[in-house]
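Trainee: Please give me a close look at a single part of this model, with its surroundings and the contacts that tie it to the rest of the chain.

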Amino acid sequence: MTVEEYNDCVKKFADNVFRFVLKNVQDEEKAADIVQDTYEKMWKHHKSVHPEKGKSYLFSTAYHTLIDYVRREKHAVRIEDADLKNYAHNRQYSDLQEILHKAIKQLPDDQKMVLMLRDYEGYSYQEIGEITGLSESQVKVYIYRARVFLRKYIGKMEVVI
């Protein structure tokens, strides 16, 4: 990858990478730091990156940098070990987006990231697997578990609306 191709990659995907990281860390300054670290890592290896693989390399690097950050910040809680009754609610509320964001924050980090890549960024299972280093079947399992948790957390639509 040449310097011009690197700069084009940065211009094309900067917003998408930042949005992906921000959705996971919920802090603009931390997200900006992670994205900057990602671009620094890409710059260090820009000669070995093929231009057509720039987007995939960029998101893979951002994903792994994000994972490193999350591991340093907190310990993940597995959804299988959690008592879902503690996370569910039954009060009426009309802001579905706010409820959804609260529910997403409670997902384990791996599930949250693959769900974000799939539903917010629109990547295929195969692309998510390449970005995260997971197998395609593991990506599907994580997305399924995340969606089951979200369904249980949100509950019936009549309660939300």
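Mentor: Helices and strands are here DSSP runs, with H or I over at least four residues for a helix and E over at least two for a strand, and they are numbered from the N terminus. On that basis the chain holds eight helices and zero strands, so that the order of its elements from the N terminus is α-α-α-α-α-α-α-α. This is a predicted model, in which local features need pLDDT of at least 70 and side-chain atom pairs count only at pLDDT 80 or more, while totals for chains, interfaces and linings use all residues. Residues are numbered from 1 along each chain as its sequence is written, and side-chain values use heavy atoms, with hydrogens and water left out.

Two totals give the background. A residue counts as buried under 20% relative accessible area, as exposed over 50% and as partly exposed in between (1.4 Å probe, protein chains only); of the 161 residues of the chain, 38% are buried. With contact taken as heavy atoms within 4.5 Å, residues 24 or more positions apart account for 71% of the contacts in the chain that have a separation of 6 or more.

The part to examine is helix α5 with what surrounds it. The expected span of a helix is 1.5 Å times one less than its number of residues. For the 12 residues of α5 (residues 109–120) this gives 16 Å, and the end C-alpha atoms are 15 Å apart, which agrees. The buried residues of α5 are Asp109, Gln111, Lys112, Met113, Val114, Leu115, Met116 and Leu117. Their cover includes α1 (3–25), α3 (54–73), α4 (96–105), α6 (125–132) and α7 (136–154). Just after α5, Gly122 has a positive phi of about 80°.

Among the covering helices, α6 deserves attention through Ile128, which is placed in that helix. Ile128 has 0% relative accessibility and therefore counts as buried. Its C-alpha atom is separated by 6.7 Å from that of Val114, 14 residues away along the chain. Neighbours within four places in sequence aside, Ile128 touches Val114, Leu117, Arg118, Tyr123, Gly133, Val139 and Ile143.

The packing of α6 against two other helices can be described with axes, which are lines fitted to C-alpha atoms, for helices over the stretch in contact, with angles running from 0 to 180 degrees between N-to-C directions. The axes of α6 and α7 lie 8 Å apart, at an angle of about 105°. Angles under 35 degrees count as roughly parallel, over 145 as roughly antiparallel, 65 to 115 as roughly perpendicular and the rest as oblique, so α6 is roughly perpendicular to α7. Tyr125, Gln126, Ile128, Gly129 and Thr132 of α6 make this contact with Glu136, Val139, Lys140, Ile143 and Arg147 of α7. With Ala, Val, Leu, Ile, Met, Phe, Trp, Tyr, Cys and Pro taken as nonpolar, Asp, Glu, Lys and Arg as charged, and the others, Gly among them, as polar, the residues of the contact of α6 with α7 comprise four nonpolar, three polar and three charged. The axes of α3 and α6 come within 7 Å and cross at roughly 60°, which means that α3 is oblique to α6. Here Ser56, Phe59, Ser60, Tyr63 and His64 in α3 meet Glu130, Ile131 and Thr132 in α6. The residues of this contact of α3 with α6 are three nonpolar, four polar and one charged.

Salt bridges complete the picture. A salt bridge is a side-chain nitrogen of Lys or Arg within 4 Å of a carboxyl oxygen of Asp or Glu, and the count by this rule is five. In one of them, the side chains of Asp119 and Arg147 meet at 2.6 Å, N to O. Asp119 belongs to helix α5 and Arg147 to helix α7, so this pair ties together parts 28 residues apart in sequence. Asp119 is partly exposed at 42% relative accessibility, and Arg147, with a relative accessible area of 29%, is partly exposed too. Another salt bridge joins Glu121 to Arg19, with the closest N and O atoms 3.3 Å apart. This pair links distant parts of the chain, since Glu121 is in the loop between α5 and α6 and Arg19 is in helix α1, 102 residues apart. Glu121 counts as buried at 18% relative accessibility, whereas Arg19 is partly exposed, its relative accessible area being 37%.
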